[in-house]
Amino acid sequence: MATAGKVIKCKAAVAWEPNKPLVIEEIEVAPPQANEVRIKIVATGVCHTDLYHLFEGMHKDGFPAVLGHEGAGIVESVGPGVTEFQPGDKVIPLFISQCKQCRFCKSPKTNQCEKGWAADRHDVMASAESRFTCKGKKVLQFMGTSTFSQYTVMNQMAVAKVDPAAPLDKVCLLGCGVCTGFGAAVNTAKVEPGSTCAVFGLGAVGLAAVMGCKAAGAKRIIAVDINPEKFEKAKVFGATEFVNPKDHNKPISQVLAEMTDGGVDYSLECVGNVGVMRSALESCVKGWGVSVLVGWTDMYDFAARPIQLIAGRTWKGSLFGGFKSKDGVPEMVKAYLDKKVKLDEFITHKMTLGEVNDAIELMKHGECIRTVLSVSPQ
Ligand code: NAD
Ligand code: ZN
């Protein structure tokens, strides 16, 4: 390939500083080094975790950065030692790696590989290394991925090769939101057939959790959101009932307890709010209720009364839906191609990389489920 071994100049949306619009810049992307793969990003979703970094976490050492972590693309070139990928392969960049060698990868109990950017830099949300520069400055790769760029460079342990038949402008959603919510229900909560579930927050992550609860055979799926416009979509994914906390003048846990004879079997928090995390826990039935934190926040402590857990509830968290990333993503792509999971229904808007700030505004105001940006022509 003509570009192999050379620096590529391309367009990327740079977050120069927190709480400011992204700026479309020309950046330089260095060639891949040992065990690295350079990827042409074709499409990317915009996830709330991008907004979290920009507007909420705002960690000063996490900027300048190229955001975006829910993308799909095509291998442009590979560095020394890469045998698993070739130029032209369709791939999904992974914000959580799977080195297959560390003690976490070797354990079937977790997907928390210790080799990726997240191992010691989860507060900054970017690794110390980056193959990007812009105007003479190093620009960080948010969550190690940076899919708001036409090209990115990733270690091969954080890249999944997917079916050549996969439409990249759809399967990009499996790079984060859909695997996260679906897996939180299926892998982390381990929802059982016939159970009653409550999902708090009906963005793409929460809707994917609804889809996961349904796939696992849940009988009742109660969808909870303060934006009632999300309820119609939740029905599409299998929600059976809807609750808007704003319609009630008592705690939502009490509302759910009355609806379910004491509480739900499983609750999933897909908002990223410590108050909602507590409500979700308290909405579970004593004895065996399981509550899973999926929403992302690292800014405040959370609280609950110990008796909630003493009474037999379990409080868990889920990163990327508990999927071991390199193994799980190609399987989810196959499930989509086999029509076993939905993706198209999450996409409410299509835009270009140049319109990324409009996409961010839509999400900020709750006006989209997922916007997919086309990044490079295929
Ligand atoms: P989103 O902004 O599209 O959806 C959030 C939803 O929560 C909205 O529908 C909003 O109306 C609703 N909401 C807000 N306050 C609420 C409240 N008090 N009660 C009930 N609903 C409320 O976001 P998303 O992209 O679906 O992401 C959801 C969360 O998941 C974010 O916190 C994101 O950072 C996190 N996330 C976590 C992981 C992970 O691996 N754990 C991965 C991806 C995203
Ligand atoms: Zn995400």
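What follows is a walk through the zinc site, the barrel and the aromatic contacts of a predicted model.

Start with the metal. The zinc ion (ligand 2) picks up three donor atoms, namely SG of Cys47, NE2 of His69 and SG of Cys176, at 2.0 to 2.2 Å. Read along the chain, these donors follow the spacing C-x21-H-x106-C. The second gap in that pattern links distant parts of the chain: His69 sits in the loop between β4 (65–66) and β5 (70–78), while Cys176 sits in the loop between α4 (168–171) and α5 (177–189), 107 residues apart. Both of these donors are tucked away from the surface. His69 has a relative accessible area of 0%, so it is buried. Cys176 comes out at 5% relative accessibility, and with the cut-off for buried at under 20%, Cys176 counts as buried too.

Next, the strands. Five of them make a closed barrel in the order β1-β2-β7-β8-β4, and the pairing within the barrel is mixed. One neighbouring pair in that order is β7 (residues 132–134) and β8 (residues 137–141), which run antiparallel to each other over 3 bridges. As for individual residues, Phe132 has Val139 in β8 as its bridge partner.

Now to the rings, where the count of aromatic pairs comes to 5. One of them is Phe95 with Phe320: the ring centres are 5.2 Å apart and the planes meet at 75°, so this pair goes down as edge-to-face. Phe95 belongs to the loop between β6 (90–93) and α2 (103–106), and Phe320 to the loop between β16 (314–317) and α11 (325–337), so the contact ties together parts of the chain that are 225 residues apart in sequence. Phe95 and Phe320 are both buried. Another pair, Phe237 with Phe346, is tilted, with 4.4 Å from centre to centre and 35° between the planes. Here Phe237 comes from helix α7 (residues 231–237) and Phe346 from the loop between α11 and β17 (347–352), so this pair ties together parts 109 residues apart in sequence. Again, neither ring is out in the open: Phe237 counts as buried at 3% relative accessibility, and Phe346 is buried with a relative accessible area of 0%. Back at the edge-to-face contact, Phe95 and Phe320 join Phe323 in one aromatic cluster.

One last ring is worth a look, this time for a charge rather than another ring. The charged end of Lys364 sits over the ring of Phe55, 4.0 Å from the ring centre.

Note on methods. Residues are numbered from 1 along each chain as its sequence is written. Chains are lettered from A and ligands numbered from 1 in the order in which they are written. This is a predicted model: local features need pLDDT of at least 70, side-chain atom pairs count only at pLDDT 80 or more; totals for chains, interfaces and linings use all residues. Side-chain values use heavy atoms; hydrogens and water are left out. Donors are N, O and S atoms within 2.8 Å of the metal (3.2 Å for Na, K and Ca); water is not among the atoms, so sites may look incomplete. Helices (H or I, at least four residues) and strands (E, at least two) are DSSP runs, numbered from the N terminus. Buried means under 20% relative accessible area, exposed over 50%, partly exposed in between (1.4 Å probe, protein chains only). Two strands pair if DSSP finds at least two bridges between them. Rings of Phe, Tyr and Trp (its six-membered ring) pair if their centres lie within 6.5 Å; planes under 30 degrees apart count as stacked, over 60 as edge-to-face and the rest as tilted. A charge sits over a ring if NZ of Lys or CZ of Arg is within 6 Å of the ring centre and within 35 degrees of the ring normal.
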